[in-house]
Amino acid sequence: MSACLFCRVINGEIPAQVVFSNERIVAFKDINPQAPTHILLCPVKHIPALSQAEAEDAAVLGEIQHVAAQVAVKGGLEGFRLVLNNGRSAGQNVDHIHYHLLGGRRLAWPPG
């Protein structure tokens with residue numbers, strides 16, 4: 001998926017401030033942060049959206065949540081929010097599944 005922005009970040013073609021990576025997941029700082037801490041967590045495998053994930057993707061999607069909690073604790077976040085948008089009407093702007101880890105300030109509810 002050479003045209004995919006996040007695949008290019010994952011492959012090192014576009015520089016990013018990576019905070020975690022393994023063979024399945026890459027987490028990096030958002031370039032347009034919406035909170036003091038705003039980390040994007042992506043599977044290395046190109047999955048366009050949650051609605052397009054297969055049963056075989058369940059393990060990596062669960063691992064992303066575990067990694068998000070570890071990154072939050074390591075970053076000193078007392079509270080945090082983990083958000084996944086699916087589709088343009090929900091705010092998904094890049095067609096590669098990604099979770100937003102937000103924290104470092106009081107997060108209002110409902111979010112929007």
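This is a short dialogue on reading a predicted model, from its sheet to its pocket, its cysteines and one loop residue.

User: Let's begin with the sheet. How many strands form it, and in what order?

Analyst: As a general idea, strands of a sheet pair through backbone hydrogen bonds, either parallel or antiparallel. Here five strands form an open sheet with antiparallel pairing, and the order is E1-E2-E3-E5-E4.

User: Which strands stand at the edges?

Analyst: Those are E1 (18-21) and E4 (80-84). Each has a single partner strand, so one side of each has no neighbour in the sheet. On average, neighbouring strands are turned by 20° against each other, direction ignored.

User: Could you show me one pairing in detail?

Analyst: Happily! Take E1 and E2 (residues 25-29), which pair in the antiparallel sense over three bridges. Within that region, valine 18 stands opposite phenylalanine 28 in E2.

User: Which helix packs on the sheet?

Analyst: That is H2, residues 58-74. H2 touches E1, E2, E3 (37-43), E4 and E5 (99-103), and its direction makes about 155° with that of E3.

User: Now for pockets. What is the volume of the largest pocket, and what lines it?

Analyst: The general idea is that rolling a probe the size of a water molecule over the atoms shows where empty space is left. In this model the largest pocket has a volume of about 730 Å³. Its lining has 29 residues, and Asp30, Gln34, His38, Leu40 and His100 lie nearest its centre. The elements giving two or more residues to that lining are H1 (5-10), E2, E3, E4 and E5. H1 gives the most, with three residues.

User: How many disulfides are there in the structure?

Analyst: To read this feature, look for two cysteine sulfurs within 2.5 Å. A search of the whole structure finds zero disulfides. The sulfur of cysteine 4 has its closest cysteine sulfur in cysteine 7, at 3.6 Å, which is too far for a bond. For cysteine 42, the closest one is in cysteine 4, at 8.0 Å, again too far.

User: Are cysteine 4 and cysteine 42 buried or exposed?

Analyst: Cysteine 4 is buried, with a relative accessible area of 9%. Cysteine 42 is also buried, at 0% relative accessibility.

User: Last one: where is leucine 50, and which residues is it in contact with?

Analyst: Leucine 50 is in the loop between E3 and H2. At 38% relative accessibility, leucine 50 counts as partly exposed. Leaving aside neighbours within four places in sequence, leucine 50 is in contact with Leu61, Leu84, Asn86 and Ile97. Leucine 50 and histidine 96 are 46 residues apart in sequence, and their C-alpha atoms are 8.9 Å apart in space.

Terms used:
Residues numbered from 1 in each chain as written. Predicted model: local features only at pLDDT ≥ 70, side-chain atom pairs only at ≥ 80, totals over all residues. Heavy atoms only, no water. Buried < 20%, exposed > 50% of the residue type's maximum accessible area, 1.4 Å probe, protein only. Pairing = 2+ DSSP bridges. Helix = DSSP H or I, 4+ residues; strand = E, 2+ residues; numbered from the N terminus. Axes fitted to C-alpha atoms, helices over the stretch in contact; angles between N-to-C directions. Contact = heavy atoms within 4.5 Å. 1 Å grid on protein atoms, 1.4 Å probe; cavity = no way out; pocket = protein on both sides within 12 Å on 5 of 7 lines; lining within 4 Å. Points joined across faces, edges and corners; volume = space filled by probe spheres on them.
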